[in-house]
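Open the model in your viewer and keep the selection tool at hand. The stops below go from whole chains to single side chains.

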Amino acid sequence: MNSHAAYTFLDLVGTFAFAISGAVAARQKRLDLFGIASIAFMVACGGGIVRDVCIGAVPPAGLSNWPYLATSLAACGVTLLAYPQVRRLRQPVLLFDAIGLGLFAVAGAQKSLAYGHSAELAILLGIVSAVGGGVMRDVLLSRVPAILEREIYASAALLGAAVQVGFTYAGWTAWWAPWLATLACVVLRLASLYFGWRLPAFAGRRECLARDGQ
Amino acid sequence: MNSHAAYTFLDLVGTFAFAISGAVAARQKRLDLFGIASIAFMVACGGGIVRDVCIGAVPPAGLSNWPYLATSLAACGVTLLAYPQVRRLRQPVLLFDAIGLGLFAVAGAQKSLAYGHSAELAILLGIVSAVGGGVMRDVLLSRVPAILEREIYASAALLGAAVQVGFTYAGWTAWWAPWLATLACVVLRLASLYFGWRLPAFAGRRECLARDGQ
Amino acid sequence: MNSHAAYTFLDLVGTFAFAISGAVAARQKRLDLFGIASIAFMVACGGGIVRDVCIGAVPPAGLSNWPYLATSLAACGVTLLAYPQVRRLRQPVLLFDAIGLGLFAVAGAQKSLAYGHSAELAILLGIVSAVGGGVMRDVLLSRVPAILEREIYASAALLGAAVQVGFTYAGWTAWWAPWLATLACVVLRLASLYFGWRLPAFAGRRECLARDGQ
């Protein structure tokens with residue numbers, strides 16, 4: 001298996017893991033079959049669709065390449081048929097989710113660079129590719145996006161995308177470069193889960209919670 | 001009246017029905033005049049705008065063709081001036097909404113095919129055209145989108161878009177083909193309302209509601 | 001300082017003011033550092049990104065021009081380092097916010113016209129440029145967008161964009177035209193705050209709040 005085939009394979013692994021997280025969240029909210037499939041597909045492909053629209057790669061790959069839709073639906077089927085098992089799989093799901101995060105961040109940054117755009121855009125769209133779907137899931141399920149609260153999640157995507165962009169600007173385009181960038185993201189994400197690292201928040205005194213209005 | 005003029009006319013009927021549903025929902029949330037008009041316009045045109053952005057048809061027709069805006073504002077005016085009557089009109093509004101759903105699903109699929117895209121994209125964007133505006137309405141009004149819960153709504157749009165794409169691939173491009181596809185969607189939607197058909201959901205035991213985190 | 005430099009300067013002032021309003025709202029919701037920076041950036045640049053996608057100006061300026069990101073991050077830093085002071089600054093923040101509103105509405109309309117689009121599109125996208133970021137903030141923080149409720153905010157953006165489009169169609173393209181349009185928006189916004197002007201809402205009897213379903 002050459003590098004490109006391996007990357008495509010892992011891209012679908014990431015899609016699968018993200019779709020499972022979407023299907024589980026949608027099932028918990030008691031959505032119907034169509035709702036569950038929609039949320040699963042959106043978590044897996046939503047970020048990439050926004051990225052593609054922003055760099056002018058229309059129609060977006062997530063909507064026009066059938067393997068993404070097929071993988072999402074397969075993840076959805078697995079979740080529904082083996083729900084108790086999937087729910088017990090918290091550790092593996094978090095692992096796959098971290099791998100998906102790293103792959104999507106790096107692939108998103110790489111695609112933006114391949115379209116000739118700047119480093120800043122590549123890093124921002126790498127983050128969007130990786131976390132956009134999860135944000136859409138939370139918005140549709142009417143809750144404040146999990147990634148905006150205190151966890152190293154989007155920050156790990158930022159690291160992966162930035163390392164990949166750095167490698168590309170440094171001229172290191174060997175086959176191992178994107179793998180190393182992906183690894184940086186995955187390791188940071190898993191370490192933060194394991195050690196309970198969090199970004200600082202600024203929970204102040206009670207009065208800070210009073211609404212300021214507009 | 002030839003086929004194209006009839007289609008344009010019914011497209012505006014769908015816009016009108018969707019805008020009324022948006023205006024009613026916004027008025028119930030006690031939004032102001034501008035908020036009501038915005039939600040009405042977004043329900044009517046939001047899905048089509050996302051579709052156009054995804055197939056590269058910019059600027060989106062909903063934003064640049066004045067009849068859509070004018071029809072939405074007219075629906076908004078009717079809703080506000082005759083609110084008690086409109087509220088009593090539940091049956092006709094549901095009928096028009098079903099017609100709008102069918103027309104938007106079929107027209108959305110057809111437009112994607114006309115831009116040279118694949119069957120999968122056409123079906124997905126047909127659904128998005130038909131239900132996207134309603135999803136935006138629910139997101140803006142901070143509730144879980146109605147279509148993700150147990151009703152045959154997006155599924156009817158899926159049927160309409162799929163029938164239209166099937167006809168086109170089969171080479172059946174006679175004047176009646178889009179009408180038949182629209183009819184399939186409308187009939188499924190109305191039948192599901194009349195007979196109370198629903199998609200399966202998976203409401204499990206209480207423990208299923210516990211949040212999994214991420 | 002010539003007119004163009006002045007405009008760029010004030011565009012960044014608007015970005016700064018909008019980013020501060022986003023950072024304050026995110027801090028009140030106890031988001032972490034990354035969440036606060038994301039919301040600040042999105043309030044400042046989200047509307048412009050949607051506008052650029054709709055007129056085909058990809059990649060969007062807000063994502064690819066670093067001064068916007070840098071200004072947003074600076075505003076975020078100021079908010080966090082001097083939070084008690086910023087919170088006390090309600091009046092100046094509202095003033096800068098009004099200036100940002102006017103500048104974004106006029107610049108958004110002007111950019112759409114410069115891309116050769118119609119007056120209707122220019123006005124709609126002027127409004128989207130000015131208020132889109134604030135709507136995204138409210139959607140992400142799970143609340144009904146403030147601008148849809150009873151305040152003269154989006155309506156002021158509408159006025160600014162419409163005046164600018166009117167000037168352009170009338171052939172008044174002198175250096176002072178966009179400034180006058182911006183001023184119209186800012187004055188309307190500030191006057192509405194000072195005098196408590198509001199758009200009519202239609203708060204009816206209690207029964208109006210009952211949900212109609214779909």
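The tour takes the chain arrangement, then one interface, then a set of charged side chains.

**Before you start**

This is a predicted model, in which local features need pLDDT of at least 70 and side-chain atom pairs count only at pLDDT 80 or more, while totals for chains, interfaces and linings use all residues. Residues are numbered from 1 along each chain as its sequence is written, chains are lettered from A and ligands numbered from 1 in the order in which they are written, and side-chain values use heavy atoms, with hydrogens and water left out.

**Stop 1: the chains and their axis**

Select chain A and chain C. A rotation of 120 degrees, with 0.0 Å of shift along its axis, brings chain A onto chain C at an RMSD of 0.0 Å; the fit is by least squares on the C-alpha atoms of residues with pLDDT of at least 70 in both copies. That is the relation of a three-fold axis. To locate the axis from chain A, select A:Ser142, whose C-alpha is the one in that chain nearest the axis, at 3.5 Å. The two copies use different surfaces, since 11% of the contact residues of chain A recur in chain C (contact means heavy atoms within 4.5 Å).

Now select chain B with chain C. A turn of 120 degrees and a shift of 0.0 Å along the axis lay chain B on chain C, with an RMSD of 0.0 Å. In chain B the C-alpha nearest the axis belongs to B:Ser142, 3.5 Å away.

**Stop 2: the interface of chain A and chain C**

How many residues does the contact take from chain A and from chain C? Chain A gives 37 residues and chain C gives 39 residues. The size of an interface is often given as the accessible area lost when the parts come together. Here the buried area (accessible area lost by the two parts on being put together, 1.4 Å probe, summed over both) is about 3100 Å², and carbon and sulfur atoms give 62% of it.

Look for charged pairs across this interface and the rule finds zero salt bridges (a side-chain nitrogen of Lys or Arg within 4 Å of a carboxyl oxygen of Asp or Glu).

On the side of chain A that touches chain C, select α2 (33-55), α7 (119-140) and α8 (154-169); each supplies at least two residues. Helices here are DSSP runs (H or I, at least four residues), numbered from the N terminus. The largest share, seven residues, comes from α7(A). By type, that side of chain A divides into 22 nonpolar, seven polar and eight charged residues (Ala, Val, Leu, Ile, Met, Phe, Trp, Tyr, Cys and Pro count as nonpolar, Asp, Glu, Lys and Arg as charged, and the others, Gly among them, as polar).

**Stop 3: salt bridges within the chains**

Over all chains the count comes to nine salt bridges. Select A:Arg51 and A:Asp52, whose side chains meet in one of 3.0 Å, N to O. A:Arg51 counts as buried at 11% relative accessibility and A:Asp52 is buried at 0% (buried means under 20% relative accessible area, 1.4 Å probe, protein chains only). Add A:Lys111 to the selection: A:Arg51, A:Asp52 and A:Lys111 are linked in a network of salt bridges.

Move to chain B. B:Arg51 forms a salt bridge with B:Asp52, with the closest N and O atoms 3.0 Å apart. What is the distance between the closest N and O atoms of B:Lys111 and B:Asp52? In that salt bridge they are 3.2 Å apart. The pair links distant parts of the chain, with B:Lys111 in helix α6 (residues 90-114) and B:Asp52 in helix α2 (residues 33-55), 59 residues apart. B:Asp52 is buried, with a relative accessible area of 0%.

Definitions and conventions
Buried means under 20% relative accessible area, exposed over 50%, partly exposed in between (1.4 Å probe, protein chains only).
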